[in-house]
Amino acid sequence: QWHDAYESLGAVGEDLHLLLLDPGRFVFDNENHTVENGVQLLYRKDKLYGRDKEATLITDAFCRVSRGESEAFFIGGFSGSGKSMLVDSLRDRVHAVGGYVTKHKFDAMSQEMPLSGVISALNQICHMIKGRARPVIAKKLSDEF
């Protein structure tokens with residue numbers, strides 16, 4: 001249950017240390033998701049773990065952009081390292097103050113066109129502007145896209 005999930009990266013670290021000392025405590029039946037005489041590793045699927053530094057860097061960049069500077073950045077890393085969760089965790093805060101967040105996943109195995117991520121981001125921004133825009137601007141965007 002989510003309320004039993006980890007609240008911090010430190011708590012995860014403590015259980016990982018216990019896992020090294022006594023792996024049997026964390027072994028459970030994958031089919032039934034039950035634990036016999038042990039502890040099940042639980043985490044919140046909607047919580048960002050261990051990305052405070054990156055979240056701060058992105059938030060600081062957004063503050064600079066909202067003062068009129070221009071910036072863009074790309075987030076890279078291994079599969080499952082929290083890139084999408086990092087972006088998703090900041091999206092609501094950025095939208096609340098009128099900003100825009102776009103996301104594009106690159107697949108190393110696909111044959112994507114060069115700059116497809118940039119094109120995707122610009123298309124997403126146009127659709128977001130169209131959704132928030134006054135009727136005159138929305139019509140002009142509809143005519144173009």
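Biologist: What makes the largest space here a pocket rather than a cavity?

Modeller: First, a warning: this is a predicted model. The largest pocket holds about 1200 Å³ of space. It's called a pocket because a pocket is an open set of points, whereas in a cavity a 1.4 Å probe fits but cannot get out.

Biologist: Which residues sit closest to the centre of the largest pocket?

Modeller: There are 38 residues in its lining, and Phe73, Ile75, Val87, Thr102 and Lys103 are the closest to the centre. H2, H3 and helix H4 (116–132) are the elements that each give two or more residues to that lining.

Biologist: Which element gives the largest share of the lining?

Modeller: That's H3, with eight residues. Sorted by class, the lining has 21 nonpolar, 12 polar and five charged residues.

Biologist: How do you know that the length of helix H3 agrees with its number of residues?

Modeller: We compare two values. H3 runs over residues 83–96, so it has 14 residues, and at 1.5 Å a residue it should span 20 Å. Its end C-alpha atoms are 21 Å apart, which agrees.

Biologist: Where is the kink in H3 centred?

Modeller: On Leu90, and the kink is about 30°. Then, just after H3, Gly98 takes a positive phi of about 90°.

Biologist: Which residues of H3 are buried?

Modeller: Leu86, Val87, Leu90 and Val94. To be called buried, a residue must be under 20% relative accessible area. Here's a handy idea for reading such a list: an α-helix has 3.6 residues a turn, so residues three or four places apart point the same way. As for what covers the buried residues of H3, helix H2 (52–66) is included.

Biologist: Why is Arg93 called exposed?

Modeller: Arg93 is in helix H3 too. Its relative accessibility is 53%, and exposed means over 50%, so Arg93 counts as exposed. Arg93 and Thr59 are 34 residues apart in sequence, but C-alpha to C-alpha they are 9.2 Å apart in space.

Biologist: Is Arg51 buried or exposed, and what makes it so?

Modeller: Buried! Arg51 comes in at 11% relative accessibility, and the cut-off for buried is under 20%, so that settles it. You'll find Arg51 in the loop between strand E2 (34–35) and H2.

Biologist: What does Arg51 touch?

Modeller: Skipping residues up to four places away in sequence, Arg51 touches Ser81, Gly82, Lys83 and Leu86. We call that touching because contact means heavy atoms within 4.5 Å.

Biologist: Why is Phe73 called partly exposed?

Modeller: Partly exposed is the class between under 20% and over 50%, and Phe73 has 44% relative accessibility, so it falls in that class. Phe73 lies in the loop between H2 and H3. Leaving aside neighbours within four places in sequence, Phe73 is in contact with Ile58 and Ala61. The C-alpha atoms of Phe73 and Ile58 are 8.6 Å apart, with their positions 15 residues apart along the chain.

Biologist: And what makes Gln124 partly exposed?

Modeller: Run the test again: 23% relative accessibility is neither under 20% nor over 50%, so Gln124 counts as partly exposed. Gln124 lies in helix H4. Not counting residues up to four places away in sequence, Gln124 touches Thr102 and Lys103. The C-alpha atoms of Gln124 and Lys103 are separated by 8.3 Å, and these residues are 21 apart along the chain.

Biologist: Zooming out, how many helices and strands does the protein have?

Modeller: Five helices and two strands. Along the sequence, the pattern reads α-β-β-α-α-α-α.

Biologist: What percentage of the protein's residues count as buried?

Modeller: Of its 145 residues, 16% do. And if you take the contacts with a separation of 6 or more, residues 24 or more positions apart account for 45% of them.

Definitions and conventions
Residues are numbered from 1 along each chain as its sequence is written. This is a predicted model: local features need pLDDT of at least 70, side-chain atom pairs count only at pLDDT 80 or more; totals for chains, interfaces and linings use all residues. Side-chain values use heavy atoms; hydrogens and water are left out. Helices (H or I, at least four residues) and strands (E, at least two) are DSSP runs, numbered from the N terminus. The expected span of a helix is 1.5 Å times one less than its number of residues. The bend at a residue is the angle between axes fitted to the seven residues ending there and the seven starting there. Buried means under 20% relative accessible area, exposed over 50%, partly exposed in between (1.4 Å probe, protein chains only). On a 1 Å grid over the protein atoms alone, a cavity is a set of points where a 1.4 Å probe fits but cannot get out, and a pocket is an open set with protein on both sides within 12 Å along at least five of seven lines; lining residues have an atom within 4 Å of a point. Grid points are joined across faces, edges and corners, and a volume is the space filled by probe spheres set on the points. Ala, Val, Leu, Ile, Met, Phe, Trp, Tyr, Cys and Pro count as nonpolar, Asp, Glu, Lys and Arg as charged, and the others, Gly among them, as polar.
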